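Visitor: Hi! Could you walk me through the charged side chains in this protein?
Guide: Happy to, let's bring it up.

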Amino acid sequence: MLFENKKRVALGLAVVLLLTGVVGYRVYTNIAGNKARASQMTKLQAAAVEVAVVNRRDITPLLVFPASLEPVWSADISAKVDGRINVLTVGEGDVIEDGAVIAELDTSELAAQVMQAEGNLMAAKSSLEQAELDYRRYSALAGQGAISAQVLDTARTKRDLAAGQVRSAEGNSMLLQEKLNNATVAAPKRGVVTKRFVQAGTFARAGSAIVTVADTTTLLAKATVGESQIDDLMVGSMVKVKVDALGGQEFTGTVTRLSPVAATPARTFAAEVTIPNDQGILKAGMFAKVAAPAKVHQGVVAVPESALVLKEDQKTVFVVTADNKVQQRTLRLGYMGDGWAEVLDGVSAGETIVIAGQNKIKDGMEITPVQGGGK
(Lines give C-alpha, C1' and ligand atoms only; values in the text may rest on other atoms or scores of the structure.)
Protein backbone atom coordinates (compact mmCIF):
# COMPACT_ATOMS: atom_id res chain seq x y z
CA MET A 1 0.00 0.00 0.00
CA LEU A 2 2.80 2.33 0.88
CA PHE A 3 4.54 1.41 -2.34
CA GLU A 4 1.45 2.27 -4.34
CA ASN A 5 1.24 5.71 -2.70
CA LYS A 6 4.88 6.48 -3.48
CA LYS A 7 4.32 5.41 -7.05
CA ARG A 8 1.38 7.76 -7.39
CA VAL A 9 3.33 10.65 -5.87
CA ALA A 10 6.20 10.08 -8.28
CA LEU A 11 3.83 9.95 -11.23
CA GLY A 12 2.19 13.22 -10.13
CA LEU A 13 5.56 14.92 -9.80
CA ALA A 14 6.50 13.76 -13.28
CA VAL A 15 3.28 15.19 -14.72
CA VAL A 16 3.84 18.49 -12.90
CA LEU A 17 7.40 18.71 -14.19
CA LEU A 18 6.24 17.96 -17.72
CA LEU A 19 3.55 20.62 -17.62
CA THR A 20 6.01 23.09 -16.13
CA GLY A 21 8.42 22.41 -18.98
CA VAL A 22 5.74 22.87 -21.65
CA VAL A 23 4.56 26.14 -20.12
CA GLY A 24 8.11 27.36 -19.73
CA TYR A 25 8.88 26.54 -23.34
CA ARG A 26 5.84 28.43 -24.57
CA VAL A 27 6.70 31.44 -22.41
CA TYR A 28 10.22 31.38 -23.78
CA THR A 29 9.07 31.16 -27.40
CA ASN A 30 6.58 34.02 -26.87
CA ILE A 31 9.23 36.22 -25.35
CA ALA A 32 11.64 35.40 -28.17
CA GLY A 33 8.94 36.15 -30.77
CA ASN A 34 8.08 39.44 -29.12
CA LYS A 35 11.73 40.41 -29.09
CA ALA A 36 12.04 39.55 -32.79
CA ARG A 37 8.93 41.54 -33.64
CA ALA A 38 10.14 44.44 -31.55
CA SER A 39 13.48 44.31 -33.30
CA GLN A 40 11.76 44.25 -36.69
CA MET A 41 9.50 47.15 -35.69
CA THR A 42 12.50 49.12 -34.55
CA LYS A 43 14.15 48.55 -37.91
CA LEU A 44 10.94 49.60 -39.71
CA GLN A 45 10.53 52.70 -37.57
CA ALA A 46 14.05 53.74 -38.35
CA ALA A 47 13.63 53.32 -42.13
CA ALA A 48 16.02 55.43 -44.16
CA VAL A 49 14.19 58.06 -46.26
CA GLU A 50 15.31 61.05 -48.29
CA VAL A 51 14.48 64.44 -46.82
CA ALA A 52 14.84 68.08 -47.85
CA VAL A 53 14.26 71.50 -46.33
CA VAL A 54 11.22 73.45 -47.55
CA ASN A 55 12.24 76.71 -49.24
CA ARG A 56 10.62 79.64 -51.00
CA ARG A 57 10.91 80.05 -54.77
CA ASP A 58 9.36 81.82 -57.75
CA ILE A 59 6.76 79.80 -59.64
CA THR A 60 5.45 80.65 -63.11
CA PRO A 61 2.05 79.00 -63.58
CA LEU A 62 1.43 77.52 -67.02
CA LEU A 63 -2.13 77.94 -68.25
CA VAL A 64 -3.26 75.17 -70.60
CA PHE A 65 -6.31 75.57 -72.86
CA PRO A 66 -7.80 73.13 -75.38
CA ALA A 67 -8.00 74.58 -78.88
CA SER A 68 -8.81 73.67 -82.46
CA LEU A 69 -6.72 74.66 -85.45
CA GLU A 70 -8.38 76.67 -88.20
CA PRO A 71 -7.07 78.37 -91.37
CA VAL A 72 -6.28 82.05 -91.04
CA TRP A 73 -8.41 82.56 -94.19
CA SER A 74 -11.01 80.30 -95.78
CA ALA A 75 -13.73 80.97 -98.35
CA ASP A 76 -16.27 79.15 -100.46
CA ILE A 77 -15.65 79.96 -104.13
CA SER A 78 -18.77 80.12 -106.31
CA ALA A 79 -19.79 81.31 -109.76
CA LYS A 80 -21.52 84.68 -110.11
CA VAL A 81 -23.81 83.36 -112.85
CA ASP A 82 -25.84 80.24 -113.50
CA GLY A 83 -24.35 77.74 -115.90
CA ARG A 84 -23.19 74.21 -116.54
CA ILE A 85 -19.60 73.54 -115.53
CA ASN A 86 -17.66 72.56 -118.64
CA VAL A 87 -14.22 72.40 -117.01
CA LEU A 88 -13.26 71.95 -113.37
CA THR A 89 -9.51 72.27 -113.07
CA VAL A 90 -8.83 71.61 -109.36
CA GLY A 91 -9.31 68.88 -106.77
CA GLU A 92 -9.02 68.61 -103.00
CA GLY A 93 -5.47 69.22 -101.79
CA ASP A 94 -4.39 71.23 -104.84
CA VAL A 95 -2.45 74.42 -104.14
CA ILE A 96 -3.64 77.26 -106.36
CA GLU A 97 -2.25 80.73 -106.95
CA ASP A 98 -4.04 84.06 -106.85
CA GLY A 99 -6.15 84.41 -110.02
CA ALA A 100 -5.81 80.77 -111.05
CA VAL A 101 -8.78 79.40 -113.05
CA ILE A 102 -10.89 77.03 -110.95
CA ALA A 103 -13.79 76.34 -113.32
CA GLU A 104 -15.20 77.38 -116.70
CA LEU A 105 -18.94 77.48 -117.36
CA ASP A 106 -20.77 76.91 -120.63
CA THR A 107 -20.90 80.37 -122.28
CA SER A 108 -22.87 79.69 -125.49
CA GLU A 109 -26.14 81.15 -124.18
CA LEU A 110 -24.43 84.13 -122.57
CA ALA A 111 -22.47 84.86 -125.73
CA ALA A 112 -25.72 84.94 -127.72
CA GLN A 113 -27.28 87.30 -125.19
CA VAL A 114 -24.27 89.60 -125.45
CA MET A 115 -24.60 89.71 -129.24
CA GLN A 116 -28.28 90.50 -128.94
CA ALA A 117 -27.56 93.27 -126.45
CA GLU A 118 -24.91 94.77 -128.72
CA GLY A 119 -27.45 94.79 -131.61
CA ASN A 120 -30.03 96.53 -129.42
CA LEU A 121 -27.40 99.10 -128.45
CA MET A 122 -26.59 99.82 -132.11
CA ALA A 123 -30.32 100.24 -132.88
CA ALA A 124 -30.75 102.58 -129.92
CA LYS A 125 -27.79 104.69 -131.06
CA SER A 126 -29.29 104.93 -134.57
CA SER A 127 -32.61 106.08 -133.15
CA LEU A 128 -30.81 108.66 -131.05
CA GLU A 129 -28.90 109.94 -134.09
CA GLN A 130 -32.14 110.30 -136.08
CA ALA A 131 -33.88 112.02 -133.19
CA GLU A 132 -30.95 114.45 -132.82
CA LEU A 133 -31.12 115.33 -136.57
CA ASP A 134 -34.90 115.88 -136.36
CA TYR A 135 -34.54 118.12 -133.34
CA ARG A 136 -31.88 120.26 -135.02
CA ARG A 137 -34.03 120.61 -138.18
CA TYR A 138 -37.13 121.58 -136.19
CA SER A 139 -35.09 123.99 -134.09
CA ALA A 140 -33.99 125.84 -137.25
CA LEU A 141 -37.58 125.98 -138.55
CA ALA A 142 -38.83 127.21 -135.21
CA GLY A 143 -36.31 130.04 -135.39
CA GLN A 144 -37.89 131.07 -138.71
CA GLY A 145 -41.39 130.85 -137.27
CA ALA A 146 -42.24 128.00 -139.65
CA ILE A 147 -43.38 125.54 -136.95
CA SER A 148 -45.05 125.87 -133.63
CA ALA A 149 -43.29 125.55 -130.26
CA GLN A 150 -45.29 122.36 -129.61
CA VAL A 151 -43.71 120.58 -132.57
CA LEU A 152 -40.24 121.59 -131.35
CA ASP A 153 -41.00 120.31 -127.85
CA THR A 154 -42.12 116.96 -129.26
CA ALA A 155 -38.86 116.65 -131.22
CA ARG A 156 -36.85 117.45 -128.08
CA THR A 157 -38.75 114.80 -126.07
CA LYS A 158 -38.12 112.14 -128.72
CA ARG A 159 -34.41 112.98 -128.68
CA ASP A 160 -34.19 112.69 -124.89
CA LEU A 161 -36.15 109.42 -124.96
CA ALA A 162 -33.76 108.00 -127.55
CA ALA A 163 -30.79 109.05 -125.38
CA GLY A 164 -32.31 107.20 -122.42
CA GLN A 165 -32.80 104.08 -124.53
CA VAL A 166 -29.13 104.21 -125.52
CA ARG A 167 -28.08 104.38 -121.86
CA SER A 168 -30.35 101.44 -121.03
CA ALA A 169 -28.98 99.39 -123.93
CA GLU A 170 -25.40 100.21 -122.84
CA GLY A 171 -26.13 99.08 -119.28
CA ASN A 172 -27.71 95.82 -120.43
CA SER A 173 -24.78 95.14 -122.78
CA MET A 174 -22.25 95.78 -119.99
CA LEU A 175 -24.20 93.53 -117.59
CA LEU A 176 -24.30 90.62 -120.01
CA GLN A 177 -20.64 91.11 -120.92
CA GLU A 178 -19.73 90.98 -117.21
CA LYS A 179 -21.74 87.77 -116.82
CA LEU A 180 -19.87 86.32 -119.76
CA ASN A 181 -16.57 87.28 -118.13
CA ASN A 182 -17.72 85.73 -114.83
CA ALA A 183 -18.30 82.39 -116.52
CA THR A 184 -14.63 81.81 -115.74
CA VAL A 185 -14.28 81.24 -111.97
CA ALA A 186 -10.91 82.30 -110.54
CA ALA A 187 -9.29 82.05 -107.11
CA PRO A 188 -9.37 85.35 -105.18
CA LYS A 189 -6.02 84.58 -103.47
CA ARG A 190 -3.43 81.85 -103.02
CA GLY A 191 -4.49 78.79 -101.00
CA VAL A 192 -5.19 75.10 -100.94
CA VAL A 193 -8.43 73.45 -102.03
CA THR A 194 -9.88 71.90 -98.87
CA LYS A 195 -13.25 70.82 -100.29
CA ARG A 196 -14.77 70.26 -103.75
CA PHE A 197 -18.56 70.22 -103.84
CA VAL A 198 -19.37 69.46 -107.49
CA GLN A 199 -18.03 67.65 -110.54
CA ALA A 200 -17.58 68.80 -114.13
CA GLY A 201 -20.92 68.70 -115.94
CA THR A 202 -22.91 69.88 -112.92
CA PHE A 203 -25.25 72.84 -113.38
CA ALA A 204 -24.03 75.46 -110.92
CA ARG A 205 -26.30 78.11 -109.50
CA ALA A 206 -24.95 81.59 -108.84
CA GLY A 207 -23.70 81.74 -105.25
CA SER A 208 -23.53 77.96 -104.77
CA ALA A 209 -20.08 76.84 -103.60
CA ILE A 210 -17.94 74.98 -106.11
CA VAL A 211 -14.83 74.57 -103.92
CA THR A 212 -13.51 75.82 -100.59
CA VAL A 213 -10.07 77.42 -100.64
CA ALA A 214 -8.06 78.11 -97.49
CA ASP A 215 -4.75 79.73 -96.65
CA THR A 216 -3.02 77.17 -94.39
CA THR A 217 0.43 78.79 -94.37
CA THR A 218 -0.75 80.33 -91.10
CA LEU A 219 -3.18 78.67 -88.73
CA LEU A 220 -5.24 79.95 -85.84
CA ALA A 221 -5.54 78.02 -82.58
CA LYS A 222 -8.90 79.09 -81.20
CA ALA A 223 -9.19 78.53 -77.46
CA THR A 224 -11.74 79.27 -74.74
CA VAL A 225 -10.41 81.06 -71.64
CA GLY A 226 -12.15 81.35 -68.26
CA GLU A 227 -12.78 84.76 -66.72
CA SER A 228 -10.34 84.02 -63.88
CA GLN A 229 -7.52 83.44 -66.39
CA ILE A 230 -8.11 86.14 -69.00
CA ASP A 231 -5.99 88.72 -67.11
CA ASP A 232 -2.97 86.40 -67.34
CA LEU A 233 -2.97 86.60 -71.16
CA MET A 234 -1.78 89.52 -73.26
CA VAL A 235 -1.97 90.15 -76.98
CA GLY A 236 1.51 89.71 -78.44
CA SER A 237 2.75 87.20 -75.86
CA MET A 238 4.48 84.03 -77.09
CA VAL A 239 2.91 80.66 -76.23
CA LYS A 240 3.54 76.98 -76.90
CA VAL A 241 1.08 74.89 -78.90
CA LYS A 242 1.22 71.10 -78.52
CA VAL A 243 -0.51 68.78 -81.00
CA ASP A 244 -1.17 65.24 -79.74
CA ALA A 245 -1.81 63.93 -83.26
CA LEU A 246 1.81 64.76 -84.10
CA GLY A 247 3.26 62.90 -81.12
CA GLY A 248 3.01 65.89 -78.82
CA GLN A 249 5.17 68.05 -81.07
CA GLU A 250 5.37 71.66 -79.90
CA PHE A 251 5.04 74.80 -82.01
CA THR A 252 5.46 78.47 -81.13
CA GLY A 253 2.56 80.85 -81.57
CA THR A 254 1.56 84.42 -80.75
CA VAL A 255 -1.61 85.58 -79.01
CA THR A 256 -3.18 87.85 -81.66
CA ARG A 257 -6.70 88.39 -80.36
CA LEU A 258 -8.58 88.32 -77.07
CA SER A 259 -12.33 88.76 -77.04
CA PRO A 260 -13.29 91.98 -75.20
CA VAL A 261 -16.65 90.58 -74.13
CA ALA A 262 -17.41 87.33 -72.29
CA ALA A 263 -19.72 84.76 -73.80
CA THR A 264 -22.72 84.08 -71.60
CA PRO A 265 -23.80 82.15 -69.65
CA ALA A 266 -20.40 80.40 -69.35
CA ARG A 267 -18.52 83.70 -68.83
CA THR A 268 -15.68 82.61 -71.07
CA PHE A 269 -13.54 84.54 -73.54
CA ALA A 270 -12.31 83.59 -77.01
CA ALA A 271 -8.58 83.73 -77.66
CA GLU A 272 -6.78 83.34 -80.98
CA VAL A 273 -3.16 82.21 -81.33
CA THR A 274 -1.46 82.63 -84.70
CA ILE A 275 0.93 79.82 -85.67
CA PRO A 276 3.23 79.93 -88.73
CA ASN A 277 2.80 76.79 -90.86
CA ASP A 278 5.01 77.36 -93.88
CA GLN A 279 6.04 73.70 -94.03
CA GLY A 280 2.44 72.48 -93.85
CA ILE A 281 3.04 70.17 -90.88
CA LEU A 282 -0.07 71.33 -89.08
CA LYS A 283 -3.49 70.53 -90.52
CA ALA A 284 -6.66 72.52 -90.07
CA GLY A 285 -9.11 70.72 -87.82
CA MET A 286 -6.45 69.20 -85.55
CA PHE A 287 -6.92 69.33 -81.78
CA ALA A 288 -4.23 71.26 -79.88
CA LYS A 289 -3.32 72.43 -76.40
CA VAL A 290 -2.18 76.01 -75.86
CA ALA A 291 0.24 76.52 -72.95
CA ALA A 292 0.69 80.14 -71.90
CA PRO A 293 2.82 81.43 -69.01
CA ALA A 294 0.84 83.37 -66.39
CA LYS A 295 1.97 86.00 -63.88
CA VAL A 296 4.89 84.89 -61.71
CA HIS A 297 4.09 83.86 -58.11
CA GLN A 298 7.12 85.31 -56.35
CA GLY A 299 8.69 83.89 -53.20
CA VAL A 300 6.04 81.28 -52.43
CA VAL A 301 6.49 78.20 -50.24
CA ALA A 302 6.88 75.23 -52.58
CA VAL A 303 7.48 71.51 -52.21
CA PRO A 304 8.46 68.94 -54.86
CA GLU A 305 5.47 67.11 -56.31
CA SER A 306 7.33 63.88 -55.51
CA ALA A 307 6.89 64.64 -51.79
CA LEU A 308 3.09 64.60 -51.99
CA VAL A 309 1.17 61.63 -50.58
CA LEU A 310 -2.53 61.15 -51.33
CA LYS A 311 -4.64 60.40 -48.26
CA GLU A 312 -8.42 60.21 -48.56
CA ASP A 313 -8.46 62.51 -51.60
CA GLN A 314 -6.26 65.03 -49.78
CA LYS A 315 -2.64 65.81 -50.56
CA THR A 316 -0.27 65.46 -47.61
CA VAL A 317 3.45 65.44 -46.80
CA PHE A 318 5.51 63.79 -44.07
CA VAL A 319 7.16 66.46 -41.92
CA VAL A 320 10.26 65.40 -39.93
CA THR A 321 10.16 66.44 -36.25
CA ALA A 322 13.15 67.21 -34.00
CA ASP A 323 13.29 63.61 -32.69
CA ASN A 324 13.45 62.17 -36.24
CA LYS A 325 9.84 61.10 -36.29
CA VAL A 326 7.42 61.90 -39.09
CA GLN A 327 4.16 63.77 -38.87
CA GLN A 328 1.72 63.52 -41.77
CA ARG A 329 0.12 66.89 -42.56
CA THR A 330 -2.66 67.84 -44.93
CA LEU A 331 -1.78 70.66 -47.35
CA ARG A 332 -3.77 73.38 -49.06
CA LEU A 333 -2.16 73.83 -52.44
CA GLY A 334 -2.12 76.49 -55.13
CA TYR A 335 -0.61 75.97 -58.57
CA MET A 336 0.95 72.60 -59.37
CA GLY A 337 3.23 72.06 -62.35
CA ASP A 338 6.78 71.66 -63.61
CA GLY A 339 7.54 69.35 -60.68
CA TRP A 340 6.54 71.81 -57.94
CA ALA A 341 3.46 72.44 -55.79
CA GLU A 342 2.71 75.86 -54.32
CA VAL A 343 1.77 75.48 -50.63
CA LEU A 344 -0.84 77.87 -49.28
CA ASP A 345 -1.11 76.20 -45.89
CA GLY A 346 0.23 73.11 -44.12
CA VAL A 347 4.02 73.54 -43.96
CA SER A 348 6.34 76.49 -43.58
CA ALA A 349 9.67 77.43 -45.09
CA GLY A 350 12.53 75.92 -43.08
CA GLU A 351 10.73 72.72 -42.11
CA THR A 352 12.10 69.36 -43.26
CA ILE A 353 9.92 66.98 -45.25
CA VAL A 354 10.30 63.52 -46.74
CA ILE A 355 10.74 63.70 -50.51
CA ALA A 356 11.41 60.02 -51.28
CA GLY A 357 10.64 56.70 -49.56
CA GLN A 358 7.18 57.59 -48.27
CA ASN A 359 5.99 54.05 -48.99
CA LYS A 360 8.19 52.77 -46.12
CA ILE A 361 6.77 54.98 -43.38
CA LYS A 362 3.58 56.03 -41.68
CA ASP A 363 2.51 58.78 -39.32
CA GLY A 364 4.47 58.82 -36.04
CA MET A 365 7.25 56.46 -37.11
CA GLU A 366 10.91 57.08 -36.44
CA ILE A 367 13.13 57.47 -39.49
CA THR A 368 16.73 57.71 -40.50
CA PRO A 369 16.88 60.92 -42.55
CA VAL A 370 19.11 61.06 -45.62
CA GLN A 371 19.60 64.56 -46.90
CA GLY A 372 18.46 64.93 -50.52
CA GLY A 373 19.27 67.61 -52.99
CA GLY A 374 15.71 68.45 -53.90
CA LYS A 375 15.33 70.44 -57.12
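Guide: Here we'll talk about salt bridges, and keep in mind that this is a predicted model.

Visitor: How many salt bridges are there?
Guide: The count comes to 12.

Visitor: Which residue does D82 pair with?
Guide: D82 forms a salt bridge with R205, at 3.4 Å from N to O. D82 sits in the loop between β3 and β4, and R205 in the loop between β9 and β10, so the pair ties together parts that are 123 residues apart in sequence.

Visitor: Is D82 buried, exposed or something in between, and what's its relative accessibility?
Guide: D82 counts as partly exposed, because its relative accessibility is 39%, and the partly exposed range runs between 20% and 50%.

Visitor: New topic: what about R136?
Guide: R136 makes a salt bridge with E132, and their closest N and O atoms are 3.5 Å apart. Both belong to helix α2, where they are 4 residues apart, or about one helical turn.

Visitor: How accessible are those two?
Guide: R136 is exposed, at 55% relative accessible area. E132 is partly exposed, at 24%.

Visitor: And what does E272 do?
Guide: The side chain of E272 meets that of K222 in a salt bridge, 3.8 Å from N to O. E272 is in strand β13 and K222 in strand β10, so this pair links parts that are 50 residues apart in sequence.

Visitor: Is E272 buried or exposed?
Guide: E272 is buried, with a relative accessible area of 15%, while K222 is partly exposed at 33%.

Visitor: Which residues share a network with them?
Guide: E70 and R257 do: together with K222 and E272 they are linked in a network of salt bridges.

Technical notes. Residues numbered from 1 in each chain as written. Predicted model: local features only at pLDDT ≥ 70, side-chain atom pairs only at ≥ 80, totals over all residues. Heavy atoms only, no water. Salt bridge = Lys/Arg side-chain N within 4 Å of Asp/Glu carboxyl O. Helix = DSSP H or I, 4+ residues; strand = E, 2+ residues; numbered from the N terminus. Buried < 20%, exposed > 50% of the residue type's maximum accessible area, 1.4 Å probe, protein only.
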